[in-house]
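Open the model in your viewer and keep the sequence panel beside it. The stops below say what to select and what is there.

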Amino acid sequence: GRCAPARSDHSSRSAPGRAMNGYDSDEPLGAPAPLPPRPKKRKKKRRGFLEVFLHKVQKPEVILLGVWWLIMLVLVIYMAEMGSLLRAIWRPLALLMSIPILFFTALSCATL
């Protein structure tokens, strides 16, 4: 059997208002039809601080550097035998660490 359907003689007719041979038109032979006008784009919603932060933190180099610094911090604390010192001053350290964490949380919630 044939793969393509048989052509009828209607396919050789030209569109109304065009010249019969197609050479008199302004468009070059085989030119694609003009594209329809694009729909107007909606204004992009600005990404919040948390979205941008999470997007940047998920990069492999950021993860590797973060893990490396964490390992270095633990090793320095262990090698310098600072464990007892950290146990003694953990409350003021926690208070100091909470300040940037609170600001980060507030900024993330404010820009959602």
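**Stops along the chain**

Start with Lys56, which sits in helix H1, residues 49–57. The model is predicted.

Stay on H1 and select Phe53, also a residue of this helix. Now add Leu50, Leu54, Val57, Val62 and Leu112 to Phe53: together they make a nonpolar patch on the surface, with about 490 Å² of accessible area. H1 supplies 4 residues, the largest share of that patch.

Go back to Lys56 and select Arg38, Lys41, Lys44, Arg47 and Lys59 with it; these residues gather in a surface patch of positive charge.

Next, select H2, residues 60–79. Its end C-alpha atoms lie 28 Å apart, in agreement with the 28 Å that 20 residues should span at 1.5 Å a residue. After H2 comes Glu81, where phi is positive, near 50 degrees.

Finish on H4, residues 90–110. From first C-alpha to last, its 21 residues reach 30 Å, close to the 30 Å expected at 1.5 Å a residue. Where does H4 bend by about 25 degrees? Select Ser98 for the bend, then Pro100, a proline that follows within four residues.

Notes:
Residues are numbered from 1 along each chain as its sequence is written. This is a predicted model: local features need pLDDT of at least 70, side-chain atom pairs count only at pLDDT 80 or more; totals for chains, interfaces and linings use all residues. Side-chain values use heavy atoms; hydrogens and water are left out. Helices (H or I, at least four residues) and strands (E, at least two) are DSSP runs, numbered from the N terminus. The expected span of a helix is 1.5 Å times one less than its number of residues. The bend at a residue is the angle between axes fitted to the seven residues ending there and the seven starting there. Patches are made of residues with over 30% relative accessible area and no salt bridge: like charges are joined within 9 Å, nonpolar side chains (Val, Leu, Ile, Met, Phe, Trp, Tyr) within 5 Å. Accessible areas come from the Shrake-Rupley method with a 1.4 Å probe; for residues, only the protein chains shown count as cover. A salt bridge is a side-chain nitrogen of Lys or Arg within 4 Å of a carboxyl oxygen of Asp or Glu. Lys and Arg count as positive and Asp and Glu as negative; His and the chain ends are not counted. The place of a charge is taken as NZ of Lys, CZ of Arg, CG of Asp or CD of Glu.
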